[in-house]
Amino acid sequence: MSTNSPKKRPLEEINDDNSPKAKKQKTQNSAPVLYVQKLSEDAQTPTKGSKMAAGYDLFSAKEETVAAHGKALIKTDIAIQLPEGCYGRIGMLHKENPSFITQKKKKKLAPRSGLAWKNHIATGGGVIDGDYRGNVGVILFNHSDEPFKVAKGTRIAQLILEKYVHDSVVKVVDSLNESARGENGFGSTGTDSTITLHDKKRE
Ligand SMILES: O=c1ccn([C@H]2C[C@H](O)[C@@H](COP(=O)(O)OP(=O)(O)OP(=O)(O)O)O2)c(=O)[nH]1
């Protein structure tokens, strides 16, 4: 056998490169990373409810009560470093999400959906800057007549990683380019009153 002939890779190695396992590993290696620092023993790692879920569930680190028609800042006891070019947006758990389930009671309550929806709980604030390294807090508003108890370890909100333009500049101008929508807004595309508004304009 000639010593100059190019080295052939074993067949198994080639197959390995294309195997679903190898592909998954490659994807994982190049995936954007959300770094999470736990600030106390009560902190929980954000988790995705499903593979295609848009957001990571965030958990309350302490027991808190949100007063009726009141608000509270619920600490997660995690600090995060977002992937380059992203900010974090805190949003409400989807109403179909089995939310507000304490870890202990999970088995018992798992089929329940949308306590957030049923209990008139909404999130406020919600923008986590890329350079923020403090405790991620979730502002909860309670629009109901009853106090809302948040147990330790409760899923309270979701964190969505969103890409944004961070290097834009502001220019003040006398006019803007034309668009099909123009100044129409606030339900202009879907309510009867808007149709009247459009009709009036055409007259
Ligand atoms: O729901 C929220 C909103 C904000 N923050 C944190 C992350 C964010 O980067 C920082 C500052 O938030 P924001 O800029 O909205 O508040 P601000 O009142 O403008 O404060 P600052 O002057 O510190 O920017 O507070 C949270 O943990 N949860």
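Let me start with the ligand, which in this predicted model is surrounded by Gly124, Gly125, Gly126, Val127, Ile128, Asp129, Tyr132, Asn135, Val136 and Gly137. If we sort that shell by class, we find four nonpolar residues, five polar ones and one that is charged.

Which atoms of the protein lie beside the polar atoms of the ligand? For Gly126, a backbone N or O atom is placed 2.9 Å from an oxygen atom of the ligand, and for Asp129, an N or O atom of the side chain is 2.6 Å from a ligand oxygen. On the nitrogen side, a ligand nitrogen atom has a backbone N or O atom of Gly137 at 2.8 Å. As for how much of the ligand is covered, the ligand taken alone exposes 570 Å², and the protein buries 48% of that area.

From the ligand I would like to move to the interior of the chain, and here a general remark may help: in soluble globular proteins, nonpolar side chains tend to be buried together. In this model the largest nonpolar core has 21 residues, and those with the most contacts inside it are Ile80, Ile90 and Leu140. The elements that each contribute two or more residues to that core are strands E4 (71-75), E5 (78-81), E6 (86-91), E9 (137-142), E10 (148-150) and E11 (155-163), and among these E11 gives the most, with three residues.

Ile90 is a useful place to connect the two parts of this talk, since, with neighbours within four places in sequence left aside, Ile90 is in contact with Gly126, Ile128, Val136 and Gly137, among others, and those four residues also belong to the set that surrounds the ligand. The further contacts of Ile90 include Leu58, Thr123, Val138, Ala157, Gln158 and Leu159.

Strand E11 also holds Arg155. Is Arg155 buried or exposed? Its relative accessibility is 10%, and therefore Arg155 counts as buried, the cut-off being under 20%. The side chain of Arg155 makes a polar contact, at 3.0 Å, with the side chain of Asp57.

Another residue to look at is Leu34, in the loop between helix H2 (20-30) and strand E1 (35-38), which counts as buried at 16% relative accessibility. Not counting residues up to four places away in sequence, Leu34 touches Tyr56, Ile80, Gln81, Leu82, Pro83, Leu159 and Leu161, and Ile80 is one of the residues I named for its contacts within the largest nonpolar core. By contrast with those contacts, the C-alpha atoms of Leu34 and Asp145, which are 111 residues apart along the chain, are separated by 37 Å.

Two backbone angles deserve a careful look, given that most residues other than glycine have a negative phi. His69, in the loop between strand E3 (64-66) and E4, has a positive phi near 55°, and Asp77, in the loop between E4 and E5, has a positive phi of about 60°. Their surroundings can be set side by side: His69 is exposed, with a relative accessible area of 54%, whereas Asp77 is buried, at 9%.

Finally, for the chain as a whole, there are five helices and eleven strands, and 30% of the 203 residues count as buried. Among contacts between residues at least 6 apart in sequence, 69% join residues at least 24 apart, while the accessible surface comes to about 15100 Å², with 53% of it belonging to carbon and sulfur atoms.

Technical notes
Residues numbered from 1 in each chain as written. Predicted model: local features only at pLDDT ≥ 70, side-chain atom pairs only at ≥ 80, totals over all residues. Heavy atoms only, no water. Near = heavy atom within 4 Å. Polar contact = N/O pair within 3.5 Å; in protein donor to acceptor, adjacent residues only side chain to side chain. Areas by Shrake-Rupley, 256 points an atom, 1.4 Å probe, with all protein chains shown as cover. Nonpolar A, V, L, I, M, F, W, Y, C, P; charged D, E, K, R; others polar. Core = buried A, V, L, I, M, F, W, Y, C linked by side-chain atoms within 4.5 Å. Buried < 20%, exposed > 50% of the residue type's maximum accessible area, 1.4 Å probe, protein only. Helix = DSSP H or I, 4+ residues; strand = E, 2+ residues; numbered from the N terminus. Contact = heavy atoms within 4.5 Å.
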